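Here's a quick tour for anyone meeting this structure for the first time. Have a look at it below, then read on.

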Amino acid sequence: MDDADGYFPERVAATYDDSSEGMFDPAFIDTVAGVLAGLADGGRALELGIGTGRIALPLARRGVEVHGIDMSRAMAARLRAKPGGDAIGVTIGDFATTRVDGTFSLAYLVFNTIENLTMQDAQVACFRNAAAHLEPGGCFVVEVEVPELRRLPPGQTVLPWRVTPTQWAFDIYDTATQAMSSNYITVTGGRGEVRSIPFRYVWPAELDLMAQIAGMRLRDRWEDWNGRPFTGDSRRHVSVWEKV
């Protein structure tokens, strides 16, 4: 990482919202915003890793006062340029440790962003930071994948997940340290670009322990934002912890 904006500098921020599928699908975003608005229950919400406002803006349109923390000035500038973006306060900094004024009824961290903290100590600090911002009874929500280790054949550390004539994407796992990276190779006009982003994968039970250390307890865990039950076959989860 050689940019003050971390792994989301302007060249990434410029195209971050281009897709209309998956996590950017309007119906999906509306579902997420609806769940979070219900958990906020009329109070303020704090988004850790607010980015370009993919979730914050529709949540604010539901009447929730939203504040965000993000390291990337480029991503925050994209948020502010959108309709309603100037009404959302953004604090630039590391969401594991950066504090903002006031308390919140909801803090949330979506789409695997907890894994952007590449050390266990930083992930623990993030839970403590979220709890420090919450009112008693407030909720901390994390959406994150379940590590895909069962898909790795014995002795293999690389898991490809996109292969096209012009794009290759694959994850590399280190099971000894829980370090992983997502790697992208894109060919445009005969020229190749390589991008690699490090992560630290984390298990549901490990997150529960982090929550306990921070003074929170598990309230709900679902497979998705529609509230489907979390099972041993679930590939991701939405977990809700409540500040004791």
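Two strands count as paired if DSSP finds at least two bridges between them. Helices (H or I, at least four residues) and strands (E, at least two) are DSSP runs, numbered from the N terminus. What you're looking at is a predicted model, where local features need pLDDT of at least 70, side-chain atom pairs count only at pLDDT 80 or more, and totals for chains, interfaces and linings use all residues. Residues are numbered from 1 along each chain as its sequence is written, and side-chain values use heavy atoms, with hydrogens and water left out.

**The four-strand sheet**
- β6, β7, β8 and β9 line up in that order as an open sheet with antiparallel pairing.
- β6 (158-163) and β9 (191-200) are the edge strands: each has a single partner strand, so one side of each has no neighbour in the sheet.
- β6 runs antiparallel to strand β7 (residues 167-174), and five bridges join them.
- One bridge pair here is Leu159 with Asp171, the latter in β7.

**A look at Ser181**
- Ser181 sits in strand β8 (residues 179-188).
- Its relative accessibility is 14%, which means Ser181 counts as buried (under 20% relative accessible area; exposed is over 50%, partly exposed in between, with a 1.4 Å probe and protein chains only).
- Beyond its neighbours within four places in sequence, Ser181 is in contact (heavy atoms within 4.5 Å) with residues including Phe170, Asp171, Ser196 and Phe199.
- Phe170 is eleven residues away along the chain, and its C-alpha atom is 8.3 Å from that of Ser181.

**Strand β11 and its partners**
- Six of the eight residues of strand β11 (residues 236-243) are buried, so the rest of the structure largely encloses it.
- Strand β5 (residues 134-145) pairs with β11 in the antiparallel sense over seven bridges, and Glu145 has Arg236 in β11 as its bridge partner.
- Strand β10 (residues 216-222) also pairs with β11 in the antiparallel sense, over six bridges; there, Arg221 is matched with Ser239 of β11.

**Helix α2**
- Which residues of α2 are buried? They are Ile29, Val32, Ala33, Leu36, Ala37, Leu39 and Ala40.
- These buried residues of α2 pack against α3 (56-61), β4 (104-109), β5, β10 and β11.
- Right after α2 comes Asp41, with a positive phi near 55 degrees.
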